[in-house]
Amino acid sequence: MLERIGIVLRKELSDNFRDRRTLANTLLSALLGPLMLFLIFSVIGRTAGERAERPLELPVAGAAAAPGLMAYLEQRNVIVLPAPDDPEAAVRAGDADVVLVVGEGYAERLAEGLPAPLSLVGDSSRQAASADVERARRLVEAYGGQLGALRLQARGVSPSVVVPLAVEDVDVATPESRAAQLLNVLPYFLVFAVFVGGMSLIVDMTAGERERGSLEPLLINPLTSGELVLGKLLASLVPTAASVALALAGFAAVVNLNPIGDQIGVRLSLGLPTLVGIFLITVPMMVLAAALQMIIATASRTVKEAQSYLAFLPLIPALPGLFLAFVPLRPELWMMLVPIFGQQLLINQLMRGEAADPLFVAASSLVTLAVGAALNLAAVRLFGREGVLFAKGS
């Protein structure tokens with residue numbers, strides 16, 4: 001039996017490797033995720049570098065009434081500019097990110113020791129301006145805190161009197177967990193690589209062989225439908241595993257060689273143990289994906305129909321990974337019982353530098369492999385029917 005399965009395996013791999021252009025396109029598609037991550041890192045790194053180096057250009061209305069505040073801002077890398085005639089309209093139109101407005105009676109109320117009016121005009125719906133708005137707010141608040149401390153000292157009161165609580169931030173996040181926030185899209189692209197890696201081969205050795213008329217001679221050979229399906233399944237796992245390995249290598253190159261970590265103060269790294277662990281976690285997904293794709297491709301009438309179905313198939317299991325990029329979840333045992341979703345949660349854990357629970361890994365792998373085995377049996381029954389030789393509706 002093993003010899004017959006090996007013959008089918010070698011036959012399918014030999015046919016697939018002859019079409020080098022399709023094989024190259026399949027492997028290159030695995031680099032889509034690393035390429036997207038590289039572009040994201042490039043934009044984030046360039047933006048972070050520009051914001052760290054460039055001074056804050058702050059239009060101020062009524063700057064003459066607050067010379068002390070203007071001097072304080074200029075000492076802290078702020079360029080004070082004339083304010084537009086209508087600050088709110090200018091911010092709303094995007095002509096200015098933030099405008100500081102010195103209110104009427106600012107100097108008089110400040111001299112009397114009363115709260116002096118200031119307004120920061122910004123647009124919270126514009127994400128690009130949020131950093132400048134927050135930077136201006138922190139500077140104004142720091143200046144206010146400095147004036148308050150000086151007033152207390154002038155009255156012989158220690159500034160610490162008005163600070164009854166000393167709150168200390170204790171951040172228990174590891175460098176890996178902070179870096180994982182930037183890598184939350186990785187499970188999404190890995191699932192994509194799992195489903196795309198063997199798709200061309202599966203379509204070719206099911207609907208493709210039926211169209212070429214080479215499936216019938218294969219079925220009349222002295223081998224069972226189970227041996228035939230298993231040989232084809234193992235053959236499809238080879239390009240799938242290569243696609244996932246190439247995607248992981250691409251992610252590692254982008255993460256480990258990109259200087260964005262130094263620019264944003266986060267240590268980014270994907271070590272070999274993490275990459276190996278992620279690859280092993282994806283193996284059950286490969287089995288499930290190959291069996292499911294084989295059923296769909298075999299049941300399709302033509303190669304084009306099979307390709308159209310399988311092109312949209314990766315979006316369904318990959319959506320939870322995209323959801324995790326925005327709403328991270330704490331892994332629970334019941335989540336491991338959902339095929340593919342459990343693996344994506346475990347991949348997130350490994351990227352955060354956390355040790356995956358062996359029970360969770362075992363539960364997730366067994367459930368996914370069981371579903372893959374059930375789909376494989378369905379494919380065996382499908383190949384055991386005489387109708388597999390003919391396209392439906394023909």
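These are my notebook entries on a predicted model of a protein chain.

**Entry 1. Whole chain**

I began with the secondary structure and found 18 helices and four strands in the protein chain. I then looked up burial: of the 394 residues, 40% are buried. For the accessible surface of the chain I noted a value of about 20900 Å². Carbon and sulfur atoms account for 62% of that surface. Last, I looked at the contacts with a separation of 6 or more, and 74% of them join residues 24 or more positions apart.

**Entry 2. The sheet**

In what order do the strands of the open sheet lie? I read the order as 2-1-3-4, and the pairing of the four strands is mixed. I next asked which strands stand at the edges. They are strand 2 (78–82) and strand 4 (118–122); each has a single partner strand, so one side of each is left without a neighbour in the sheet. For the twist I recorded an average of 30 degrees from one strand to the next.

I then examined one pair in detail. Strand 1 (residues 56–61) and strand 3 (residues 98–102) run parallel and are joined by two bridges. In this pair I located A61, which stands opposite V101 in strand 3.

Which helix packs on the sheet? I identified helix 4 (residues 67–75), which touches strand 1, strand 2, strand 3 and strand 4. I noted that the direction of helix 4 makes about 135 degrees with that of strand 2.

**Entry 3. A nonpolar surface patch**

I turned to the surface and found a nonpolar patch of about 340 Å². Its members are V157, V161, V162 and V163. I selected V162 and placed it in the loop between helix 7 (127–154) and helix 8 (175–180). Is V162 buried or exposed? Its relative accessible area is 55%, so I entered V162 as exposed, the cut-off for that class being over 50%.

**Entry 4. A370 and P339**

I looked up A370 and found it in helix 18 (residues 358–383). The relative accessible area of A370 is 45%, and I therefore entered this residue as partly exposed. That class lies between the 20% limit for buried residues and the 50% limit for exposed ones. I also checked the spacing of A370 and P339, which are 31 residues apart in sequence. Their C-alpha to C-alpha separation in space is 9.4 Å.

Note on methods: Residues are numbered from 1 along each chain as its sequence is written. This is a predicted model: local features need pLDDT of at least 70, side-chain atom pairs count only at pLDDT 80 or more; totals for chains, interfaces and linings use all residues. Side-chain values use heavy atoms; hydrogens and water are left out. Patches are made of residues with over 30% relative accessible area and no salt bridge: like charges are joined within 9 Å, nonpolar side chains (Val, Leu, Ile, Met, Phe, Trp, Tyr) within 5 Å. Accessible areas come from the Shrake-Rupley method with a 1.4 Å probe; for residues, only the protein chains shown count as cover. A salt bridge is a side-chain nitrogen of Lys or Arg within 4 Å of a carboxyl oxygen of Asp or Glu. Buried means under 20% relative accessible area, exposed over 50%, partly exposed in between (1.4 Å probe, protein chains only). Two strands pair if DSSP finds at least two bridges between them. Axes are lines fitted to C-alpha atoms, for helices over the stretch in contact, and angles run from 0 to 180 degrees between N-to-C directions. Contact means heavy atoms within 4.5 Å.
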